[in-house]
Amino acid sequence: MAGAGEGEGHHFVCTSVPLKGGSDDGSILEAVRYSNSFWAPYTTLKYYYFSDGQSAEEEKAVSNAFDEWNKVGMNITFRRTRSLATAHLRVGFRQDGRSWSTVGTDAIGQRRTMNFGWSLLSRSESRNNTRLSATALHEIGHAICFQHEHQNPNAGITWDRAAVIAEMARSQSPPWTEADCDVNIFALVRRLDNGAVLEGSNFDKDSIMNYPFESNFIIAPPAVKATGLLRNVVLSAQDKAWAKKWYPTTNLSRGLEGVDKNAAPAPSSPVVLALWELQKISGSAVESTQVSFFTFKPSESRKYVLQLVGNVKARVSVLDNIDGEHEPLAHSNGDTDTQLKLVLGANRDYLITVRTGECASEEYGIVIY
Ligand SMILES: [Zn+2]
């Protein structure tokens, strides 16, 4: 059984919706695209429940999971909304045997972004029937850009591939294909900061992002084979640490100090928003996520261009401040875009975040005009 006991263990696997452009050959999902799916820190993500016949108790099991992530201390806030039009995460309860979630901002433009395909009220979903669904904790992890921990290259897991494929075809309804297994089990996912490969993330056997697998599906390493992968029902210390690292809190005035207006290349009469030094990424380990934050209050309502300068790949996000909540307005594609164009309103307080991807120069900046 791929799963832990109680006669329903085969249910505890979700299909994360593959990242757009992710490799389909069972190898490494593409690095830059991964970092491109992070939400901007400070975002308030509103979640909405479709009416699929679920009980109030099941909604509670999911809401409790959102609240549990809210307690982690990362700089993302979840809040329920009854308005489909304003929701960022649109959650269904279709009992079709498939639980899944989009990954990070891949949710944008999707009608349904998450589904719970089985009951969340079973004894295996939470410790002591606390109505804190492990499946919901896991899917919400995907929604903020977590990948499966058993696909961490540092796990070094050698699977009994044939046994896993046979088991997933047998136990899942509808049956999993070999391609499903490749995407969700065998493919290695590089744990990334800044779009570069992070070599130092140790495999976390306690992560909520593991699938449970008994040891007879695992050939190596011995430490994993010895116990198998257990059914985890709470967030691990490392889960929380990653969430805080990816969604850090920073003094909003940071980055506006020391601005050298002469140093920036000049698109037509730019206002230099910031220019800052970047710690050079040498291609080896990158220890921390680099996100920079800026506030911007336009003096007039019009279309603005936010232009990255310097040899850098970075994801620029713009958030509106609506009654103290930050609403994401736009994200650039950090892989290809060097500018973001959008209409901003006079005297509104916008928050601009820049999450660094690849960078070949030591200095880069952003101008707005
Ligand atoms: Zn999953």
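A crossing of two helices is called right-handed if the near helix is turned clockwise from the far one by less than a right angle, and left-handed if anticlockwise. Keep that in mind, as helix α2 passes helix α3 in just such a right-handed crossing. What you are looking at is a predicted model.

## The whole chain

Let's start with the big picture. The chain has 369 residues, and 43% of them are buried. Its secondary structure comes to 7 helices and 18 strands. If you take the contacts between residues at least 6 apart in sequence, 75% of them join residues at least 24 apart.

## Helix α2 and its neighbours

Now zoom in on helix α2, which covers residues 56–70. How far apart should the ends of its 15 residues be? At 1.5 Å a residue, α2 should span 21 Å, and the end C-alpha atoms are 20 Å apart, so the two values agree.

Some residues of α2 are tucked away. The buried ones are Glu58, Ala61, Val62, Ser63, Ala65, Phe66 and Trp69. There's a handy rule for reading a list like that: an α-helix has 3.6 residues a turn, so residues three or four places apart point the same way. And what covers these buried residues of α2? The cover includes strands β2 (44–49), β3 (77–80) and β4 (89–92), together with helix α3 (134–143).

Helix α3 deserves a closer look. The axes of α2 and α3 are 8 Å apart, and the two helices pack at an angle of about 55°. That angle makes α2 oblique to α3. On the α2 side, the residues that meet α3 are Ala61, Val62, Ala65, Phe66, Glu68 and Trp69, and their partners in α3 are Ala136, Leu137 and Ile140. Sorted by class, this contact has 8 nonpolar residues, no polar ones and 1 charged.

## Helices α4 and α5

Further along, helix α4 (residues 161–171) meets helix α5 (residues 178–186), with axes that come within 10 Å and cross at roughly 115°. The crossing of α4 and α5 is right-handed too. Which residues of α4 and α5 meet? From α4 come Arg161, Val164, Ile165 and Met168, and from α5 come Glu178, Asp180, Cys181, Ile185 and Phe186. The contact of α4 with α5 divides into 6 nonpolar, no polar and 3 charged residues.

One of the α4 residues in that contact is methionine 168. Is methionine 168 buried or exposed? Methionine 168 has 22 other C-beta atoms within 10 Å, so it counts as buried. The C-alpha atoms of methionine 168 and glutamate 178 are separated by 8.6 Å, with their positions 10 residues apart along the chain.

## Far in sequence, brought together in space

Here are three pairs of residues, with how far apart they are both ways.

| Pair | Apart along the chain | C-alpha to C-alpha |
|---|---|---|
| Methionine 168 and glutamate 178 | 10 residues | 8.6 Å |
| Asparagine 232 and threonine 135 | 97 residues | 9.6 Å |
| Tryptophan 246 and cysteine 145 | 101 residues | 9.1 Å |

Asparagine 232 is found in the loop between α6 and α7 (237–246). Asparagine 232 counts as buried because it has 23 C-beta neighbours inside 10 Å. Leaving aside neighbours within four places in sequence, asparagine 232 is in contact with Ala134, Asp206, Ser207, Ile208 and Asn210.

Tryptophan 246 belongs to helix α7. With 23 C-beta neighbours inside 10 Å, tryptophan 246 counts as buried.

## A few backbone oddities

Most residues other than glycine have a negative phi, and most peptide bonds are trans. This chain has some exceptions to show you.

Cysteine 145, the partner of tryptophan 246 in the table, lies in the loop between α3 and β7 (158–159). Its phi is near 90°, a positive value in a residue other than glycine. Cysteine 145 is buried, since 23 other C-beta atoms lie within 10 Å.

Arginine 131 sits in the loop between β6 (114–115) and α3. Phi of arginine 131 is near 60°, again a positive value in a residue other than glycine. Is arginine 131 buried, partly exposed or exposed? With 17 other C-beta atoms within 10 Å, arginine 131 is partly exposed, because a buried residue needs 20 or more.

Then there's a peptide bond to look up: the one from alanine 220 to proline 221 is cis, with omega near 0°. Proline 221 lies in the loop between β10 (218–220) and α6 (222–227).

How values were computed. Residues numbered from 1 in each chain as written. Predicted model: local features only at pLDDT ≥ 70, side-chain atom pairs only at ≥ 80, totals over all residues. Axes fitted to C-alpha atoms, helices over the stretch in contact; angles between N-to-C directions. Helix = DSSP H or I, 4+ residues; strand = E, 2+ residues; numbered from the N terminus. Contact = placed C-beta atoms within 7 Å. Nonpolar A, V, L, I, M, F, W, Y, C, P; charged D, E, K, R; others polar. Buried ≥ 20, exposed ≤ 12 C-beta atoms within 10 Å, placed from the backbone. Expected span 1.5 Å × (residues − 1). Parallel < 35°, antiparallel > 145°, perpendicular 65-115°, else oblique.
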